[in-house]
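The following exercises are to be worked through with the sequence and the coordinates at hand. Each task is followed by a solution in steps.

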Amino acid sequence: MDIAIVGGGIGGLVAALALHARGLVPTVYESAAEMRQLGVGINLLPHAVRVLDDLGLRAQLLESGIATAELLYFNKFGQRIWREPRGIEAGYAWPQISIHRGRLHGLLLAETRRRLGAGRILTGHHLAGIEEGVRPLLHFTDRTSGAHRASVACDLAIGADGIHSMVRRHFYPDEGAPVWNGAILWRATTEGMPFLGGRSMFMAGHASQKFVCYPISKAHHDAGRSLINWVAELRFDPDRPFAREDWNRNVDRATFLPAFADWRFDWLDIPAVIEGADEVFEYPMVDRDPVARWSFGAVTLMGDAAHPMYPIGSNGASQAILDAEALALALTGHDTIGGALEAYQEARLGPTAAIVRANRNQGPEQVMQLVEERAPGGFERLEDVVTNEELEGIAARYKQVAGFDRATLDSLAAAPRG
Ligand SMILES: Cc1cc2nc3c(=O)[nH]c(=O)nc-3n(C[C@H](O)[C@H](O)[C@H](O)COP(=O)(O)OP(=O)(O)OC[C@H]3O[C@@H](n4cnc5c(N)ncnc54)[C@H](O)[C@@H]3O)c2cc1C
């Protein structure tokens with residue numbers, strides 16, 4: 001079977017590895033002229049680590065990233081609202097891993113080249129058009145010059161080409177740009193000292209102003225230091241114009257640092273963390289409305305191309321990885337490509353659409369907004385502001401929607417691997 005994966009990001013490469021593990025050998029077509037280790041921190045939830053573990057990558061991931069032990073929420077004064085153990089510490093069979101996206105991408109790329117052969121990843125191939133048919137025809141150009149590169153016929157085309165997916169645009173030509181909710185994220189890494197428990201991820205603030213922070217490097221951790229990944233977030237009027245989302249846009253921190261000037265908690269100095277970064281990247285909080293179909297004949301969508309969602313709740317990469325596994329399973333479990341793609345869509349479209357919607361409602365982070373509304377000046381005793389049942393209910397409901405509640409993962413741990 002000739003399988004073309006359009007896009008060699010996180011989802012596309014995991015799909016290549018998952019298909020290869022089941023005896024299929026796809027070719028990955030990537031728009032970028034060279035594969036560079038781009039991005040800052042990213043989180044892999046236990047259900048996504050399970051997929052990567054099945055692909056034999058667990059040790060490598062843990063060699064690079066941090067097995068996150070706890071998640072904490074604070075108000076804007078650094079007062080603790082919620083703490084929960086994560087990954088192994090929460091009793092899961094798999095860790096939650098916080099890792100540099102570039103390292104994760106580099107690791108997946110090296111494994112894909114090693115297992116499938118370097119010739120199976122073609123860079124400088126930007127998908128410019130699709131001709132549908134029993135064997136879809138894909139037209140690739142050089143992204144910079146626009147020159148024709150190749151036209152490739154295949155039995156199956158997988159659109160793993162991210163938030164600006166050309167494959168999606170082919171089937172939804174009138175969809176337009178992603179939808180912005182008014183929030184801007186500034187993302188960076190800073191070398192510093194470990195904070196809280198050393199393997200802690202925290203969020204502080206509320207819906208209009210937030211700071212997210214977690215360590216992502218085992219080497220730093222082992223040396224008694226921390227490579228801190230952080231995201232500062234502010235909300236503006238969503239009707240004002242915004243710059244198109246680009247993961248690599250470098251900006252001056254003076255645009256947002258003053259808003260965090262008072263955020264000097266007794267356990268972490270946030271302005272100092274912001275000042276300590278070499279470079280800061282700006283990204284608008286965008287997503288797209290869920291669509292009714294991903295699969296059209298012998299073409300389907302996955303990852304951000306299928307379900308772009310706000311980066312809330314650590315789900316962007318994790319859900320792309322779950323798509324990859326579901327697609328590989330469907331392809332080996334059905335006689336026809338059409339049947340497999342329908343089954344894959346059936347398994348993944350509903351659950352991911354539910355996460356897109358839950359993230360629009362701030363996902364599990366709504367506990368911070370709840371406390372901000374009830375106690376904007378801070379609190380003496382948290383229990384006077386919010387009950388433990390409310391907090392537990394929000395956390396548990398999101399895990400269920402995102403598919404990583406303990407019961408689901410325990411049943412997967414007990415199931416035979418296939
Ligand atoms: C450069 C970059 C940096 C990122 N940094 C972060 C980060 O720091 N933190 C975070 O949470 N998420 C980051 N992301 C997004 C994150 O990787 C995804 O949200 C998530 O992993 C889902 O993966 P995906 O494979 O669906 O999309 P992506 O990982 O975005 O991969 C899509 C791939 O498709 C390629 N592509 C796009 N259009 C075409 C085309 N027409 N033809 C061929 N190939 C095409 C892109 O170059 C890219 O390699 C980044 C994405 C990119 C591309």
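H206 stands opposite Q209 in β15. This is a predicted model, in which local features need pLDDT of at least 70 and side-chain atom pairs count only at pLDDT 80 or more, while totals for chains, interfaces and linings use all residues. Residues are numbered from 1 along each chain as its sequence is written.

**Exercise 1. Place the pair H206 and Q209 in its sheet.**

Step 1. Strand β14 (residues 200–206) and strand β15 (residues 209–215) run antiparallel and are joined by five bridges. Helices (H or I, at least four residues) and strands (E, at least two) are DSSP runs, numbered from the N terminus; two strands pair if DSSP finds at least two bridges between them.

Step 2. Both strands belong to an open sheet of eight strands with mixed pairing, in the order β6-β5-β14-β15-β16-β13-β18-β17. The edges are β6 (80–85) and β17 (250–251), each with a single partner strand, so one side of each is left without a neighbour in the sheet.

Step 3. β5 and β6 pair over five bridges in the antiparallel sense, and F74 has R80 in β6 as its bridge partner. Their hairpin has five residues between the strands, and G78 takes a positive phi near 80° there.

Step 4. Helix α11 (residues 366–374) lies across β5 (70–74), β6 and β14, at about 40° to β14. Axes are lines fitted to C-alpha atoms, for helices over the stretch in contact, and angles run from 0 to 180 degrees between N-to-C directions.

**Exercise 2. Describe the open sheet of three strands and the helix α4 that lies across β3 and β7.**

Step 1. The order is β3-β7-β4, with antiparallel pairing. β3 (41–44) and β4 (66–68) are the edges, each with a single partner strand, so one side of each is left without a neighbour in the sheet. From one strand to the next, the twist averages 30°.

Step 2. Four bridges pair β3 with strand β7 (residues 96–100), and N43 has S98 in β7 as its bridge partner.

Step 3. α4 runs at about 95° to β7 as it lies across β3 and β7. Contact requires C-beta atoms, placed from the backbone, to lie within 7 Å.

**Exercise 3. Characterise the packing of α1 with α4 and of α2 with α9.**

Step 1. α1 and helix α4 (residues 101–116) pack at an angle of about 30°, with their axes 10 Å apart. The contact of α1 with α4 divides into nine nonpolar, three polar and two charged residues. Here Ala, Val, Leu, Ile, Met, Phe, Trp, Tyr, Cys and Pro count as nonpolar, Asp, Glu, Lys and Arg as charged, and the others, Gly among them, as polar.

Step 2. Helix α2 (residues 46–54) and helix α9 (residues 316–333) pack at about 45°, with axes 9 Å apart. That makes α2 oblique to α9; angles under 35 degrees count as roughly parallel, over 145 as roughly antiparallel, 65 to 115 as roughly perpendicular and the rest as oblique.

Step 3. In α2, H47, A48, V51 and L52 meet A317, S318, I321, L322, A324 and E325 of α9. These residues divide into seven nonpolar, two polar and one charged.

**Exercise 4. Which residues come nearest to the ligand?**

Step 1. Of the 33 residues around the ligand, the nearest are G7, G9, G11, G39 and G303. A residue is near a molecule or strand if its C-beta atom, placed from the backbone, lies within 6 Å of it.

Step 2. At least two residues of the shell come from each of α1 (10–21), β9 (126–131), α8 (303–306) and α9.

How values were computed: Two residues are in contact if their C-beta atoms, placed from the backbone, lie within 7 Å.
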